[in-house]
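Me: I'd love to go through this model with you, one question at a time. Could you take a look at it with me?

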Amino acid sequence: LQEEFAILEVVEDTTAHKSRLATIRDAGDLEKQLSPKREQLASATREHELLLRRLDGRQTEDPVEHLQVPSLDEVREYRERFRHFDQNREAIDGAASTAKAEITRLETAIALLEQEVDLPSEEDLKRARHDRDALIQSTRNGVAGGHLAGPDSAEPFQEIAQLVDVADDLVDRLRNNADRASQRIQHRVAIEGLRKQIEQRAEDRTRLATEQTTVDEEWRDIWKPAHVDPKSPAAMEAWLSTHAECLKQAKELRQLQSDIESLERQIEADCG
């Protein structure tokens, strides 16, 4: 704080100094003026100390008036750039998350399709062919021998109808399995495409992180002349506001000190 006060010493212009003295004289009793001024200076000094504590991140003991801080426009520009990075990162992560959820859904669908497999076995097909061939041969023999007449003629045809039903069932089972197999293939193709999307999103995120690292370095660089370790742009906007308040208060402290010194000199001159 002593260093802060060191810069408050000013050399008054002779004309301005005389004008200030005239104002002080016109205000009345100099001793009565001096006490409130000292109280104001003490109060302002305490406030200044509190404000200085809010300027965290400073790595120098230089007075705040000597800090070469970035402009508010620069800080807001970086705030927008960082916001852009955040938005892109959210979009990338959201797309990757959606793709992963879709892969999970498709893998579940594939598992369900595989559970529903109802393919006829080789034994089923072999048995159906055997029954078909035997019935056809029996029917041929019956026709050739003239045995398919009268009440017994309907039985072979009923058996043929049953065999047709069996064949239809086998065909339906084969067709359903072919449909499921086609769906599984489509799902696996879709999963492969989604995995490529996830890989692309990972590359995008890596590239974005590299770009942000560069901007992070630039952000720290613009604060180096002020010897300040910056936080986020939003936090540093508030920091700049506090800094501006410190500058304003430093000016007020200079004026108070100047008034007090003028009063003390005038009182000494009057006493002399």
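Me: How much area does the protein expose, and what part of it do carbon and sulfur atoms supply?
Reply: Happy to help! This is a predicted model, in which local features need pLDDT of at least 70 and side-chain atom pairs count only at pLDDT 80 or more, while totals for chains, interfaces and linings use all residues. Residues are numbered from 1 along each chain as its sequence is written, and side-chain values use heavy atoms, leaving out hydrogens and water. By the Shrake-Rupley method with a 1.4 Å probe, where for residues only the protein chains shown count as cover, the protein exposes about 17800 Å², and the share from carbon and sulfur atoms is 50%.

Me: Which element has the highest confidence, and which the lowest?
Reply: pLDDT is the predictor's confidence in each residue, from 0 to 100. Its mean over the protein is 78, and 70% of the residues reach 70 or more. Over residues 1-12 it stays under 50, and where pLDDT is low, the predicted coordinates should not be read in detail. Confidence is highest in H4, at 93, and lowest, at a mean of 45, in helix H1 (residues 2-6).

Me: How many helices and strands does the protein have?
Reply: Helices (H or I, at least four residues) and strands (E, at least two) are DSSP runs, numbered from the N terminus. From that end, the elements run α-α-α-α-α-α-α. The count is seven helices and zero strands.

Me: What span does H4 reach from its first C-alpha to its last?
Reply: The expected span of a helix is 1.5 Å times one less than its number of residues. H4 has 44 residues, for which 64 Å is expected. The model comes close to that, with a reach of 64 Å.

Me: Is tyrosine 78 buried or exposed?
Reply: Tyrosine 78 lies in helix H4 (residues 72-115). Buried means under 20% relative accessible area, exposed over 50% and partly exposed in between, with a 1.4 Å probe and protein chains only. The buried residues of H4 include Val75, Phe82 and Phe85. Tyrosine 78 has a relative accessibility of 8%, so it counts as buried.

Me: Which residues does tyrosine 78 touch, not counting those up to four places away in sequence?
Reply: A contact here means heavy atoms within 4.5 Å. One partner, glutamate 218, is 140 residues apart along the chain from tyrosine 78, yet their C-alpha atoms are separated by 9.3 Å. The full set for tyrosine 78 is Val215, Glu218, Trp219, Ile222 and Pro233.

Me: How many aromatic pairs are there?
Reply: Rings of Phe, Tyr and Trp (its six-membered ring) pair if their centres lie within 6.5 Å; planes under 30 degrees apart count as stacked, over 60 as edge-to-face and the rest as tilted. By this rule the count comes to four.

Me: How are the planes of tyrosine 78 and tryptophan 219 arranged?
Reply: Their centres are 5.5 Å apart, with 50° between the planes. This pair links distant parts of the chain, helix H4 and helix H6, across 141 residues. The arrangement is tilted.

Me: What kind of aromatic pair do tryptophan 219 and tryptophan 223 form?
Reply: Tryptophan 219 counts as buried because its relative accessibility is 4%, and tryptophan 223 is buried at 0%. Both belong to one aromatic cluster with Tyr78, Phe82 and Trp239. Their rings lie 5.9 Å centre to centre with 75° between the planes, making the pair edge-to-face.

Me: Which helix gives the most to the largest nonpolar core?
Reply: A nonpolar core is a set of buried Ala, Val, Leu, Ile, Met, Phe, Trp, Tyr and Cys residues joined through side-chain atoms within 4.5 Å. In the largest one, of 21 residues, Trp219, Trp223, Met236 and Trp239 touch the most other members. Helix H3 (30-54), H4, helix H6 (154-221) and H7 each supply at least two residues. With five residues, the one that gives the most is H4.

Me: Is glutamate 237 buried or exposed?
Reply: Its place is in helix H7 (residues 233-271). Beyond four places in sequence, glutamate 237 touches Leu72, Val75, Arg76 and Arg79. At 16% relative accessibility, glutamate 237 counts as buried.
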